[in-house]
Each structure stands twice: as C-alpha cells, then as structure tokens.
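Q: Please take a close look at one helix of this protein and describe how its residues are placed. I would also welcome an account of the backbone and the sheet elsewhere in the chain.

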Amino acid sequence: MIVKSNGYLETYFEKCKSGEEMVGMELFMELEKLMDDLESDEYVYDTTSADRRIDFIENCVRLTKSPFYGKPMKLLLFQKAFISALYGFKLVSDNVDRFQRALFLIARKNGKSELCSALLLTEMIIGGSGLDIVCSSNDDIQASILTDAVDTMRLMIDPESLDTWRNQRNIKCLINDNKIFKLSDRTRNKEGRNIDIAVIDEVHEMKDNVIVKSIEQSQSLKITPKLILITTEGFVNDGFLDKELVRARSIIRGEINDIPSKRYLPWLYTQDSESEVWDGNRENKLWKKSNPTLGIVKQFTYLEQQVDIAKSSKADRAFVMSKDFNIKQSNSEAWLMREDFDYEEVFDIEDFRGAICLGAVDIAETTDLSCAKVLLMRKDDPKKYIYTKYFIPEGKLERSDDRGAGAKYIEWANAGQLKICAGNYIDVSVIADWFYELYKEFGLRPYIIGYDVRFATDFLKRIDMYGFQSEMIYQRPEVMSQPMKMVEADLKSQLIVGNNEVDKWCFGNTAIKIDGQGNGLAVKIDGQVSRKIDGAVTTIILYEIYRRYRTEFHENLEVR
C-alpha cells in the first residue's frame, strides 16, 4: 500500500522494462516483486525516511575520489531506487522498516563504496540518536577504506570539527552521540556490541560468516537494524558469498517465503550470460547489466580495454569476468587448452654450442618428480629454445599411482627426457651436476639460475662450487603471475621450442588459481597429487628469471 512515494523505484522499474535502463534478469525479477509489494496489504510504502537521506546526500555530501573529488554527490536513478526500497517499505503489523538486510552486488568501479560511505555518514548525522554504526570488511585495511571515506566526507561538511569528531576509536557526531567505528574479521572481542547499522564491504573474500554473524547477533535488540552487504563476485569457492547468493537467488525466484526472506533485499547487477561480455559494446549497452554507472562513472574505454586484455590471458579473463561482470569464476581451473601446448617444434642443442643461457629448477620434493631447464635464444629471434631434464627417484616408479593420471616414466626415461635416480629420493646435487654437464659438453654458460626455496640447500652448495649464479624465486601469486602470462602468450604463439612429452603432460595437469588482486598461480587441477606440474612451474620460474634479466641476457647473446 502506497502512502507516499518519491517515484524513484517505480520510474526505475519502468525504464528497466522499456530497455532505457539495462539490467539483468535477476534484478528485473526483484523489481517486479517490489512492484507487486507496493499493492500488498502486508506492507506500507512510505519514502519519507528515504527522501531525507537522499536529500542530505545530494545537498551536503561531496565525493572523495578523483576525478570527482569535492563535487556534490548527485545520486543516479538506480541509487535512489535502492535507497527508496531499503528505507521505504514498512511492515503494516508494527510500522517498522521491512528490510533489515540487503545484498548489493555490483561490478568494481561503480561507486559502491562511495554510496555506502555517504549512507553511513548520513545515518550518523540525521539517523537518530545514540546509534552505533559499523564499517566492516574481511580485514582492517578494507574496513578503513569506508571509514576514511566517511571521514573525508565529514570534514567537507564540518572542516573545523565543531559538531563531529574523529579519534583513533571512532568518528562521532557530538549533537546526537552517534558514532561510526570499524570492525573486521581480525578485530578482537567482536561480540558484546550493540550495533544499529552496518555496511560490510568485499564479502566475496570471506570464507565463513564469523563477522556477519557477530554483527547480526549484536543487532538482536534493535527494532530497525540495517545490515548491508556490498561486494563484487570473487574467487573463494563455497565461501560466504556463494552461500549468500544461493539464498538471495532463491528469494528472487520465490522459492522461499519465510519471515527472514521477506526482510531481505537482494539487489544484484549481473549479466545474463557470458556471451554478453564478448558481444557487449557502447551501442547495445549489454555491459550495463553489471555496470549501471557505465559511461558516467565507469568509462566505456576502460571496460573495452579490460575485455581486450581478458582475451589473451586466463588469469586476466577470470579476473575481468568476476570483477567487471560479476560472473562467478572458479578460483582454480585449467590453465591452458590442449592446442596451446601440443605442437611439435624441436631444435638441436648443438646449434647453441658456447652460448649463454638462463636456468631454472623446481625441486618440489626430493621423493618425487623434479625438473630443470635452460632457456636459449638467438639474436633477433623471438623464439625461446628450452632444453629440459626431469629427475625422479627409482622408488617412486615402483609405488607410483601416477600412471592413472597419464605418467609414462619408463617410456620417458628411455627417450632420454627423464633421469631415474637410485633409491627413494633425489640427491639434488645431481640436478646441479646436469647444468655443469651442459657446460662441459656444449659450453652452455648459465647467466643465472632461478630456484624455489624448498629443498634447495644441497643444490645451492653444488651450484656455488661450479661458480654458477643463482636467485631465489618465491612461488607466490604476486611473483609468478606475470611470467605465467608470458608463458601462456608464448605458447599460444608457438614461440616456445622444445616442449617434450613430459612438459605436455605437466602443462595439461596445471590449473591457475586466481587471488583477489587478479594474480595467478600454477596449481594442480582439483588438487590431485598424481597430476604433476613440475615442468610448468619450472617454465614459469625460467620466464621470471628471463623477465628480470632480459636486457643483460640479450646483450650477451652474441658473446661466445
């Protein structure tokens, strides 16, 4: 039943219905439900509270981020519709706010943090008296993004801090004793608080609901609590957001209709299919389904560049799909397609006699498969010529269960691609000896050899004895991501010469795990122990050494 309406929610629905505003099916279905609820005897729709907040934001709040810094915050229609729905619906039974919880899913760079910071500041100044208001996230740094934005907005309104104040604990309105403080998963003593309103940012990073449940419990005595979850899609499989989205989508589809679901507002900006990402452009505006500020805040040029980047790299593709289009990606999926690495192009190492080279090793476990490689190049030739040797203890052959995963150790050993070491473990000094044997037989001089920290002590002692230089390469996403992209690009362009059958097996076993910053790391597909990836990892380490020493290496290519 409509008592008073500012018309924003209804106008937004009509524009979505006509196609003037582009939204995905999930949000459109939710808007349809809200339109039906306007006529329901169960609810009263009165936007008086929403209007006060919209008016305060547009007339008092200024933006905190370049290139809009200091400019008045003029809300877009979708933002006004969201605020109107969140604060406008009341329960007829007791005339309190209907919605206690909201999930606001929107692609990055669409102003979600600015909007929620503005809402929090508004609540602190005009939202009542004695309110405890929380900025929350998975960690203190992310929670501080909201509190810092609130404080910047506050100082633009009250530059002398006459009516508001900030100390190390909180931001406070001196007129009504409302205060804003941050709370994260790492905060001690999360229980025992008395929270009225909370915004939890970046919930896609949460593996469980510890912080959410703590805030929910702290709101149990409140008549009109608000818990707003804001996020993009993420990479945590079976994490808190996955479970929350299952619930939200069930509410949208009308599959659950209990009291908690009636007080839950899902507001999801999502694409209807992955094909819309590749088909979208400025004309058909399909990208606006997950990016409602596109062309106003978020720029088409930026998104066009991101889509182009996504076409060339699996890590970039997963990150862009998740963060720019809210299409859920597994945090660990196959890195390469078979045609990317299954090609035949060989070389004769004799042709590089006396050349300088770069080296790399992956000594993952001394009781398992290990790998060593050297990279060779010719002047004015973009191809990388990679010569490889694998090592495995004899005891591994006898009790190996890797055959079911495609391992052909005896066959590879007979082909000279794999050295079988006597006993149950690899004497890693043998791997160092291999580099020296290449030097003795072909005059190949390692400029530098990259290695991982694990099990490397004996290897380093022997390398030092031979006078070869080495450098540690940490197997962390921020280190391995860029060389992984380089390997992928060169494989797809067939610029890597010398892939042997063991390499191909390892490449086929390799998945890419994406972190929250879009960095990729090589891992085993589905975590299967029998699927070895040592050859892929060593190639990536080799490329990281090449990336670091490319200039010096190329300068010495013709020095014989």
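A: The helix is treated below, and then the loops and the sheet. The model is a predicted one.

The part examined here is α1, a helix that spans residues 8-18. Five names make up its buried set: L9, E10, Y12, F13 and C16. These residues lie on the same side of α1, because they cover an arc of only 160° around the axis. Their partners come from several elements of the chain. Among the strands, the buried residues of α1 pack against β1 (2-4), β2 (43-46), β3 (89-91) and β11 (264-268). Among the helices, they pack against α2 (25-38) and α4 (77-88). Directly after the helix comes G19, and the phi of G19 is positive, near 95°.

Several loops also hold backbone features that merit attention. Between α3 (48-60) and α4 runs the loop that contains P67. The peptide bond that leads from S66 into P67 is cis, and its omega is near 5°.

Two residues other than glycine have positive phi. One is N95, with phi near 55°, in the loop that joins β3 to β4 (101-105). The other is E202, whose phi is about 55° and whose place is the loop between β9 (197-201) and α7 (210-218). Their surroundings can be described in terms of accessibility. N95 has a relative accessible area of 56% and is therefore exposed, the cut-off being over 50%. E202 has a relative accessible area of 13%, under the 20% limit, and so counts as buried.

The sheet gives the context for β11, one of the elements that the buried side of α1 packs against. An open sheet is formed by 8 strands, and its order reads β6-β7-β8-β5-β9-β10-β4-β11, with mixed pairing. At its edges are β6 (164-166) and β11, each of which pairs on one side only. From one strand to the next, the twist averages 15°.

Within this sheet, β5 (residues 132-137) and β9 pair in the parallel sense, over 4 bridges. In this pairing, I133 is found opposite I197 of β9. Strand β9 also borders the loop in which E202 lies.

To return to the helix, the buried residues of α1 share one side, and β11, among their packing partners, is an edge strand of the open sheet.

How values were computed. Residues are numbered from 1 along each chain as its sequence is written. This is a predicted model: local features need pLDDT of at least 70, side-chain atom pairs count only at pLDDT 80 or more; totals for chains, interfaces and linings use all residues. Side-chain values use heavy atoms; hydrogens and water are left out. Buried means under 20% relative accessible area, exposed over 50%, partly exposed in between (1.4 Å probe, protein chains only). The arc is that of the directions from the helix axis to the C-beta atoms. Contact means heavy atoms within 4.5 Å. Two strands pair if DSSP finds at least two bridges between them. Axes are lines fitted to C-alpha atoms, for helices over the stretch in contact, and angles run from 0 to 180 degrees between N-to-C directions.
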